[in-house]
Amino acid sequence: MPPKFKRHLNDDDVTGSVKSERRNLLEDDSDEEEDFFLRGPSGPRFGPRNDKIKHVQNQVDEVIDVMQENITKVIERGERLDELQDKSESLSDNATAFSNRSKQLRRQMWWRGCKLRSSCT
C-alpha cells in the first residue's frame, strides 16, 4: 500500500535549520543573559524591580526569624513537657508506694490490735 502523504523536505534539513536558528539566537543573547545570571539584576533596567526584590527578601528574612523563634519555643515547650511527664510519673510511683505502704501498716496495726485483745482476755 503506498503512503498517503509524500514528504517534500528531508527531515535532516528541517531539524538542522531549526537547530542552527536556535544556536544563533542563543549566541546573540548569551552575553546579556550571562551578565544577569553572574551578577544578578542590576542597572537602570532592573532598578524598581531590584527594590521590590530587596523588599520581598527583607520580608522573607523576617519570616525566617519568626519561624526560628517559633521552633525554639516549640523545642523549649517539648523539654518542659518532658520534665512535667517525668515529674508526673515520679508522683504516680510515689503514690503507688505510699498506698502499698499504708496497706501494710494498716494490716500490722490490725494484727497488733488482735494480739492486744487476745492477751487482755
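The legends below describe an overall view and three close-up views of a predicted model. Local features in this model need pLDDT of at least 70 and side-chain atom pairs count only at pLDDT 80 or more, while totals for chains, interfaces and linings use all residues. Residues are numbered from 1 along each chain as its sequence is written, and side-chain values use heavy atoms, with hydrogens and water left out.

**View 1. Overall make-up of the protein.** The protein holds two helices and zero strands, where helices (H or I, at least four residues) and strands (E, at least two) are DSSP runs numbered from the N terminus. Of the 121 residues, 2% are buried, a class defined by under 20% relative accessible area, against over 50% for exposed and the range in between for partly exposed (1.4 Å probe, protein chains only).

**View 2. A negative surface patch that includes Glu76.** The patch is formed by Glu76, Glu79, Asp82, Glu83, Asp86, Glu89 and Asp93; patch residues have over 30% relative accessible area and no salt bridge (Lys or Arg side-chain nitrogen within 4 Å of an Asp or Glu carboxyl oxygen), with like charges joined within 9 Å and nonpolar side chains (Val, Leu, Ile, Met, Phe, Trp, Tyr) within 5 Å. Glu76 lies in helix H2 (residues 47-120) and counts as partly exposed because its relative accessibility is 38%.

**View 3. A nonpolar surface patch that includes Val56.** Val56, Val60 and Ile64 together offer about 220 Å² of accessible area, computed by the Shrake-Rupley method with a 1.4 Å probe. Val56 is placed in helix H2, and its 44% relative accessibility makes this valine partly exposed.

**View 4. The aromatic pair of Trp110 and Trp111.** The count comes to one aromatic pair, under a rule that takes rings of Phe, Tyr and Trp (its six-membered ring) with centres within 6.5 Å, and calls planes under 30 degrees apart stacked, over 60 edge-to-face and the rest tilted. The ring centres of Trp110 and Trp111 are 4.9 Å apart with planes at 75°, so the pair is edge-to-face. Trp111 counts as exposed, at 52% relative accessibility.

Key. Lys, Arg positive; Asp, Glu negative; His and termini not counted. Charge placed at Lys NZ, Arg CZ, Asp CG, Glu CD.
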